[in-house]
Amino acid sequence: MEPKLYREYVEDGTLRIEWRDFPYRGQESVNAAVAARAAQAQGRFWEYHDLLYENQFSGFSDENLTSFAREAGLDMRRFEEDYESARYAGAVQADFREGQSIGVNGTPTFIINDQVLVGLQPIGVFENVIEDARREAEGG
Amino acid sequence: MSTLLVLAALAATIFGCGGAGGGGSSNSSRQQASETSEPSGRKSEDTGSSGGIAAQQPGPPTLGSAGAPVVLTEYSDYK
(Lines give C-alpha, C1' and ligand atoms only; values in the text may rest on other atoms or scores of the structure.)
Protein backbone atom coordinates (compact mmCIF):
# COMPACT_ATOMS: atom_id res chain seq x y z
CA MET A 1 0.00 0.00 0.00
CA GLU A 2 1.10 3.49 -0.79
CA PRO A 3 3.16 4.92 2.11
CA LYS A 4 1.40 8.24 1.66
CA LEU A 5 -1.92 6.65 2.59
CA TYR A 6 -0.31 5.21 5.67
CA ARG A 7 1.00 8.59 6.75
CA GLU A 8 -2.20 10.45 5.91
CA TYR A 9 -4.83 8.10 7.19
CA VAL A 10 -3.50 5.12 9.15
CA GLU A 11 -1.37 7.05 11.57
CA ASP A 12 -4.21 9.36 12.59
CA GLY A 13 -6.62 6.47 13.13
CA THR A 14 -8.83 7.14 10.13
CA LEU A 15 -7.90 4.07 8.14
CA ARG A 16 -7.35 0.44 8.87
CA ILE A 17 -5.79 -1.74 6.20
CA GLU A 18 -6.57 -5.43 6.05
CA TRP A 19 -4.65 -7.79 3.82
CA ARG A 20 -6.26 -10.74 2.08
CA ASP A 21 -4.35 -13.32 0.11
CA PHE A 22 -5.68 -13.98 -3.35
CA PRO A 23 -2.96 -16.11 -4.93
CA TYR A 24 -4.28 -17.02 -8.33
CA ARG A 25 -1.13 -16.96 -10.42
CA GLY A 26 0.20 -20.41 -9.75
CA GLN A 27 2.08 -22.32 -7.13
CA GLU A 28 4.71 -19.65 -6.51
CA SER A 29 1.93 -17.24 -5.62
CA VAL A 30 0.56 -19.68 -3.10
CA ASN A 31 3.99 -20.40 -1.68
CA ALA A 32 4.74 -16.70 -1.27
CA ALA A 33 1.47 -16.20 0.56
CA VAL A 34 2.14 -19.13 2.88
CA ALA A 35 5.65 -17.84 3.57
CA ALA A 36 4.30 -14.38 4.37
CA ARG A 37 1.90 -15.90 6.88
CA ALA A 38 4.84 -17.68 8.48
CA ALA A 39 6.45 -14.26 8.79
CA GLN A 40 3.22 -12.95 10.31
CA ALA A 41 3.51 -15.60 12.99
CA GLN A 42 6.77 -13.93 13.99
CA GLY A 43 5.31 -10.44 13.89
CA ARG A 44 7.02 -9.49 10.65
CA PHE A 45 4.34 -9.84 8.03
CA TRP A 46 4.64 -6.35 6.58
CA GLU A 47 8.40 -6.49 6.39
CA TYR A 48 8.18 -9.78 4.50
CA HIS A 49 5.31 -8.48 2.37
CA ASP A 50 7.45 -5.52 1.31
CA LEU A 51 10.36 -7.79 0.44
CA LEU A 52 8.11 -9.93 -1.72
CA TYR A 53 6.99 -6.93 -3.72
CA GLU A 54 10.48 -5.55 -3.99
CA ASN A 55 11.69 -8.87 -5.37
CA GLN A 56 8.67 -10.08 -7.27
CA PHE A 57 10.51 -10.22 -10.57
CA SER A 58 13.14 -12.53 -9.19
CA GLY A 59 10.53 -15.21 -8.59
CA PHE A 60 9.39 -16.98 -5.48
CA SER A 61 11.43 -20.15 -5.42
CA ASP A 62 11.86 -21.85 -2.07
CA GLU A 63 15.41 -20.51 -1.99
CA ASN A 64 14.28 -16.95 -2.59
CA LEU A 65 11.50 -17.14 -0.03
CA THR A 66 13.99 -18.44 2.51
CA SER A 67 16.42 -15.68 1.62
CA PHE A 68 13.74 -13.05 2.16
CA ALA A 69 12.98 -14.56 5.54
CA ARG A 70 16.60 -14.22 6.51
CA GLU A 71 16.62 -10.62 5.29
CA ALA A 72 13.48 -9.90 7.30
CA GLY A 73 15.24 -11.09 10.41
CA LEU A 74 13.05 -14.09 11.07
CA ASP A 75 13.88 -17.01 13.28
CA MET A 76 14.95 -19.25 10.42
CA ARG A 77 14.35 -22.54 12.13
CA ARG A 78 10.80 -21.61 12.95
CA PHE A 79 10.21 -20.10 9.52
CA GLU A 80 11.42 -23.21 7.74
CA GLU A 81 9.27 -25.43 9.91
CA ASP A 82 6.20 -23.32 9.32
CA TYR A 83 6.83 -22.88 5.62
CA GLU A 84 7.70 -26.47 4.84
CA SER A 85 4.73 -27.77 6.75
CA ALA A 86 2.45 -25.13 5.22
CA ARG A 87 1.22 -24.48 8.71
CA TYR A 88 -0.68 -21.39 7.65
CA ALA A 89 -2.02 -22.59 4.32
CA GLY A 90 -5.48 -22.63 5.82
CA ALA A 91 -5.46 -18.88 6.31
CA VAL A 92 -4.42 -18.34 2.72
CA GLN A 93 -7.08 -20.72 1.52
CA ALA A 94 -9.74 -19.02 3.62
CA ASP A 95 -8.85 -15.62 2.18
CA PHE A 96 -8.99 -16.92 -1.36
CA ARG A 97 -12.35 -18.53 -0.85
CA GLU A 98 -13.71 -15.41 0.79
CA GLY A 99 -12.55 -13.37 -2.18
CA GLN A 100 -14.18 -15.73 -4.62
CA SER A 101 -17.40 -15.64 -2.64
CA ILE A 102 -17.68 -11.88 -3.01
CA GLY A 103 -16.70 -11.77 -6.65
CA VAL A 104 -13.01 -10.95 -6.60
CA ASN A 105 -11.51 -12.22 -9.84
CA GLY A 106 -8.31 -10.25 -10.20
CA THR A 107 -5.71 -8.40 -8.21
CA PRO A 108 -5.33 -6.04 -6.72
CA THR A 109 -8.91 -5.52 -5.66
CA PHE A 110 -9.59 -2.97 -2.95
CA ILE A 111 -12.73 -2.62 -0.90
CA ILE A 112 -12.94 0.65 1.01
CA ASN A 113 -15.92 0.31 3.29
CA ASP A 114 -18.45 -0.53 0.57
CA GLN A 115 -16.65 0.96 -2.41
CA VAL A 116 -14.81 -1.47 -4.70
CA LEU A 117 -11.73 -0.47 -6.69
CA VAL A 118 -10.28 -2.96 -9.14
CA GLY A 119 -6.70 -2.65 -10.29
CA LEU A 120 -4.02 -0.16 -9.48
CA GLN A 121 -5.32 3.37 -9.15
CA PRO A 122 -3.76 6.81 -8.84
CA ILE A 123 -3.25 7.84 -5.24
CA GLY A 124 -5.84 10.56 -5.65
CA VAL A 125 -8.54 8.00 -6.30
CA PHE A 126 -7.82 6.33 -2.99
CA GLU A 127 -7.76 9.65 -1.20
CA ASN A 128 -11.12 10.64 -2.61
CA VAL A 129 -12.76 7.34 -1.74
CA ILE A 130 -11.28 7.36 1.77
CA GLU A 131 -12.44 10.92 2.35
CA ASP A 132 -15.94 10.06 1.13
CA ALA A 133 -16.03 6.97 3.32
CA ARG A 134 -14.86 8.98 6.32
CA ARG A 135 -17.54 11.60 5.82
CA GLU A 136 -20.17 8.93 5.44
CA ALA A 137 -18.98 7.10 8.54
CA GLU A 138 -19.08 10.32 10.50
CA GLY A 139 -22.63 10.95 9.40
CA GLY A 140 -21.80 13.62 6.93
CA MET B 1 -7.85 -47.09 20.81
CA SER B 2 -11.35 -45.99 19.86
CA THR B 3 -10.52 -42.53 21.13
CA LEU B 4 -7.59 -42.38 18.76
CA LEU B 5 -9.80 -43.41 15.87
CA VAL B 6 -12.32 -40.72 16.71
CA LEU B 7 -9.59 -38.10 16.90
CA ALA B 8 -8.16 -39.27 13.60
CA ALA B 9 -11.58 -39.06 11.95
CA LEU B 10 -12.13 -35.59 13.38
CA ALA B 11 -8.78 -34.43 12.10
CA ALA B 12 -9.52 -35.85 8.67
CA THR B 13 -12.85 -34.05 8.60
CA ILE B 14 -11.33 -30.74 9.57
CA PHE B 15 -8.15 -30.85 7.56
CA GLY B 16 -9.17 -32.95 4.66
CA CYS B 17 -10.61 -30.21 2.50
CA GLY B 18 -7.64 -29.89 0.21
CA GLY B 19 -5.35 -27.29 -1.19
CA ALA B 20 -4.67 -23.78 -0.21
CA GLY B 21 -5.19 -20.60 -1.99
CA GLY B 22 -6.33 -20.10 -5.38
CA GLY B 23 -3.56 -20.22 -7.63
CA GLY B 24 -5.24 -23.23 -7.98
CA SER B 25 -3.06 -25.43 -9.94
CA SER B 26 -1.18 -27.57 -7.53
CA ASN B 27 -1.67 -30.04 -4.74
CA SER B 28 1.67 -29.74 -3.06
CA SER B 29 2.17 -30.82 0.49
CA ARG B 30 2.27 -27.16 1.42
CA GLN B 31 -1.34 -26.84 0.54
CA GLN B 32 -2.43 -29.85 2.49
CA ALA B 33 -0.78 -29.29 5.80
CA SER B 34 -2.47 -29.29 9.12
CA GLU B 35 -3.83 -26.08 10.49
CA THR B 36 -2.16 -25.33 13.73
CA SER B 37 -0.41 -22.18 14.66
CA GLU B 38 0.70 -19.96 17.42
CA PRO B 39 0.65 -16.55 15.84
CA SER B 40 2.28 -13.85 17.85
CA GLY B 41 1.52 -10.85 15.68
CA ARG B 42 3.08 -7.45 15.97
CA LYS B 43 1.45 -4.41 17.45
CA SER B 44 -0.62 -3.59 14.42
CA GLU B 45 -1.26 -7.08 13.19
CA ASP B 46 -4.47 -8.77 14.10
CA THR B 47 -3.78 -12.44 14.18
CA GLY B 48 -7.32 -13.17 15.15
CA SER B 49 -6.82 -16.55 16.69
CA SER B 50 -8.88 -17.49 19.66
CA GLY B 51 -9.66 -21.00 20.65
CA GLY B 52 -10.86 -23.96 18.65
CA ILE B 53 -9.00 -25.87 16.00
CA ALA B 54 -10.44 -23.91 13.10
CA ALA B 55 -9.57 -20.63 14.79
CA GLN B 56 -5.90 -21.53 15.11
CA GLN B 57 -5.05 -20.04 11.76
CA PRO B 58 -3.90 -16.44 11.97
CA GLY B 59 -6.34 -13.70 11.22
CA PRO B 60 -5.72 -11.25 8.42
CA PRO B 61 -2.65 -9.05 8.68
CA THR B 62 -3.70 -5.53 9.46
CA LEU B 63 -2.36 -2.04 9.91
CA GLY B 64 -4.14 0.60 11.89
CA SER B 65 -6.69 1.00 14.59
CA ALA B 66 -9.42 -1.57 15.04
CA GLY B 67 -11.80 1.32 15.57
CA ALA B 68 -10.93 3.18 12.38
CA PRO B 69 -14.01 4.49 10.58
CA VAL B 70 -12.63 3.48 7.20
CA VAL B 71 -11.44 -0.03 6.41
CA LEU B 72 -9.52 -0.79 3.26
CA THR B 73 -9.43 -4.48 2.45
CA GLU B 74 -6.91 -5.44 -0.19
CA TYR B 75 -7.10 -8.72 -2.06
CA SER B 76 -3.79 -9.26 -3.69
CA ASP B 77 -1.26 -11.62 -5.14
CA TYR B 78 2.47 -11.15 -4.75
CA LYS B 79 3.22 -11.97 -8.37
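A residue counts as buried if 20 or more other C-beta atoms lie within 10 Å of its own, as exposed if there are 12 or fewer, and as partly exposed in between. Keep that rule in mind as we walk through this predicted model, starting with a residue that puts it to use.

A:Ala86 has 26 other C-beta atoms within 10 Å, so this alanine is buried. You will find A:Ala86 in the loop that links helix 5 (76-84) and helix 6 of chain A. Its backbone deserves a look too: the phi angle of A:Ala86 is positive, about 55 degrees, even though the residue is not a glycine. Why pause over that sign? Most residues other than glycine have a negative phi.

Further along chain A there is another case. A:Asn113, which is also not a glycine, has a positive phi near 50 degrees. A:Asn113 lies in the loop between strand 2 and strand 3 (115-118) of chain A. Is this residue buried or exposed, or somewhere in between? A:Asn113 has 16 C-beta neighbours inside 10 Å, and therefore counts as partly exposed.

Just before strand 2 (109-112) comes the loop that follows helix 6 (89-101) in chain A, and A:Pro108 sits in that loop. The peptide bond leading from A:Thr107 into A:Pro108 is cis, with omega near -5 degrees. For background, most peptide bonds are trans.

Helix 6 is also a good place to see how helices meet in chain A. Helix 2 (residues 27-40) packs against helix 6 of chain A at an angle of about 120 degrees, and the two axes are 8 Å apart. At that angle, helix 2 of chain A is oblique to helix 6 of chain A, because the roughly perpendicular range ends at 115 degrees and the roughly antiparallel one begins over 145. The crossing of these two helices of chain A is right-handed.

Which residues make the contact between helix 2 and helix 6 of chain A? From helix 2 come A:Val30, A:Ala33, A:Val34 and A:Arg37, and they meet A:Ala89, A:Ala91 and A:Val92 of helix 6. Sorted by character, the residues of this contact are six nonpolar and one charged, with no polar ones.

Finally, turn to chain B. This chain holds two helices and two strands, and from the N terminus they run in the order α-α-β-β. Chain B has 79 residues, of which 35% count as buried. Among its contacts between residues at least 6 apart in sequence, 5% join residues at least 24 apart.

Conventions: Residues numbered from 1 in each chain as written. Chains lettered and ligands numbered in written order. Predicted model: local features only at pLDDT ≥ 70, side-chain atom pairs only at ≥ 80, totals over all residues. Helix = DSSP H or I, 4+ residues; strand = E, 2+ residues; numbered from the N terminus. Contact = placed C-beta atoms within 7 Å. Axes fitted to C-alpha atoms, helices over the stretch in contact; angles between N-to-C directions. Parallel < 35°, antiparallel > 145°, perpendicular 65-115°, else oblique. Left-handed = near helix turned anticlockwise from the far one by under 90°. Nonpolar A, V, L, I, M, F, W, Y, C, P; charged D, E, K, R; others polar.
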